[in-house]
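Please open the structure in your viewer and keep the selection tool handy. We will walk from one stop to the next, picking residues as we go.

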Amino acid sequence: MPLFDRDGRRIAYLDTGGPVSVHHRGGARLRTLLLLHAFPLHSRMWEPQLTAVPAGWRFVAPDFCGFGESDGDADARSVSIEDYARDALALLDHLRIDHAVVGGLSMGGYVAFALWRLAVSRVAGLVLADTKAEADGPEARKGRLEMVTLLDDSGVESVIDRMVPRLLGERTRRDSPGVEAVVRRIAGANSPTGLRTALLRMMERPDSSALLPRIVCPSLVIVGDQDMPTPPQQARAMHAGIRGSSIVEIRGAGHLSNLEQPEAFNEALRDYLASL
Ligand code: MLT
């Protein structure tokens, strides 16, 4: 897995359809989709998409700081979701990519909003999957702190056990137990400090609702029809708030729609990217 150095921290990322293909295409310019992962997963949750990259595209998926193979930030005092977006922008700089379509699922969507705030001119499009613009309310903040306590007292596995029933749709849990195994394998590789930082950063993230009417780039909202944490109703409201956006509701998927129904997710992505 490639790594790059960011102020003494290693950031890992997956990169498919990249510079090698540029050669093969006689130097034709590829467009980039930056894929930002959910909590408590890492970049490998995007494998079903990274293995189906449409012609003319390059998909790049970083591990956020402290997730997967990326180093944690031992000195992190900041609890800003923007820090993940800054790392993602540094990765684009490292790869000499000026503009990218930015796609995020759930926490990845929160980071996509942060990236938009920091560097709107670099965002060629937005894919907002199973996510929301609103900040955490008092109940959600309380839940984050309880999760931090669970993590500190009982470890990563306990967080995964708590989360899995809400992450996966009913149909996936019933018919595709392999997906749960994949989620557990990916999440189980994350460090407690990475998860802890993420819980605090999500808890402190700003409300992005006011951004929605200002988003003018082509945008796609995707949601699993059985998504519990960010249900279709919320996705429809986000779609209504972003002028000209489109929405795809994926049948038989919960919150991790890209892993639960990869073919339908890839079709939505392919159609959207082809429209750009
Ligand atoms: C995620 O899937 O990234 C999380 O459910 C996001 C959250 O806890 O708000």
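Start by selecting aspartate 7, which sits in the loop between β1 and β2. The model you are looking at is predicted, so treat each stop as a feature of that model. Although aspartate 7 is not a glycine, its phi is positive, at about 50°. Is this residue buried or exposed? With a relative accessibility of 71%, aspartate 7 counts as exposed. The hairpin around it has two residues between the strands β1 and β2.

Now add those two strands to the selection. β1 and strand β2 (residues 9-16) are paired in the antiparallel sense, over four bridges. Pick arginine 6 and you will find its bridge partner in β2, arginine 9. Turn on the side chains of β1 next, since they alternate along the strand. Phe4 and Arg6 point to one face and are buried, while Leu3 and Asp5 point to the other face and are not buried.

Zoom out to the whole sheet. Eight strands make up an open sheet with mixed pairing, and their order is β1-β2-β4-β3-β5-β6-β7-β8. Which strands stand at the edges? They are β1 (3-6) and β8 (246-250); each has a single partner strand, so one side of each is left without a neighbour in the sheet. On average, neighbouring strands of this sheet are turned by 25° against each other, direction ignored.

Next, select strand β6 (residues 123-129) together with strand β7 (residues 219-224). This pair runs in the parallel sense over four bridges. One place to click is leucine 128, whose bridge partner in β7 is valine 221. Keep β6 on screen and add helix α4 (residues 107-119), which packs on the sheet and touches β3 (31-36), β5 (100-105) and β6. The direction of α4 makes about 155° with that of β6.

Between β5 and α4 there is a loop that holds serine 106. Serine 106 is another residue other than glycine with a positive phi, near 55°. Is serine 106 buried or exposed? Its relative accessible area is 8%, so serine 106 is buried.

For a change of backbone feature, go to proline 40, in the loop between β3 and α2 (47-50). The peptide bond from phenylalanine 39 to proline 40 is cis, with omega near 5°.

Then move to helix α3 (residues 82-94). At 1.5 Å a residue, its 13 residues should span 18 Å, and the end C-alpha atoms are 18 Å apart, which agrees. Color α3 by accessibility: 10 of its 13 residues are buried, so α3 is largely enclosed by the rest of the structure. Among the buried residues are Glu82, Asp83 and Asp87, along with Tyr84, Leu89 and Leu92. After α3 comes arginine 96, with a positive phi near 55°.

The last stop is a pair of helices, α5 (residues 138-154) and α9 (residues 192-203). Their axes come within 9 Å and cross at roughly 170°. That angle makes α5 roughly antiparallel to α9. To see the contact, show Arg141, Arg144, Leu145, Met147, Val148, Leu151 and Asp152 in α5, then Pro192, Leu195, Arg196, Leu199, Leu200, Met202 and Met203 in α9. How do the residues of this contact divide? There are 10 nonpolar residues, no polar ones and four charged ones.

Definitions and conventions
Residues numbered from 1 in each chain as written. Predicted model: local features only at pLDDT ≥ 70, side-chain atom pairs only at ≥ 80, totals over all residues. Heavy atoms only, no water. Expected span 1.5 Å × (residues − 1). Buried < 20%, exposed > 50% of the residue type's maximum accessible area, 1.4 Å probe, protein only. Axes fitted to C-alpha atoms, helices over the stretch in contact; angles between N-to-C directions. Parallel < 35°, antiparallel > 145°, perpendicular 65-115°, else oblique. Contact = heavy atoms within 4.5 Å. Nonpolar A, V, L, I, M, F, W, Y, C, P; charged D, E, K, R; others polar. Pairing = 2+ DSSP bridges.
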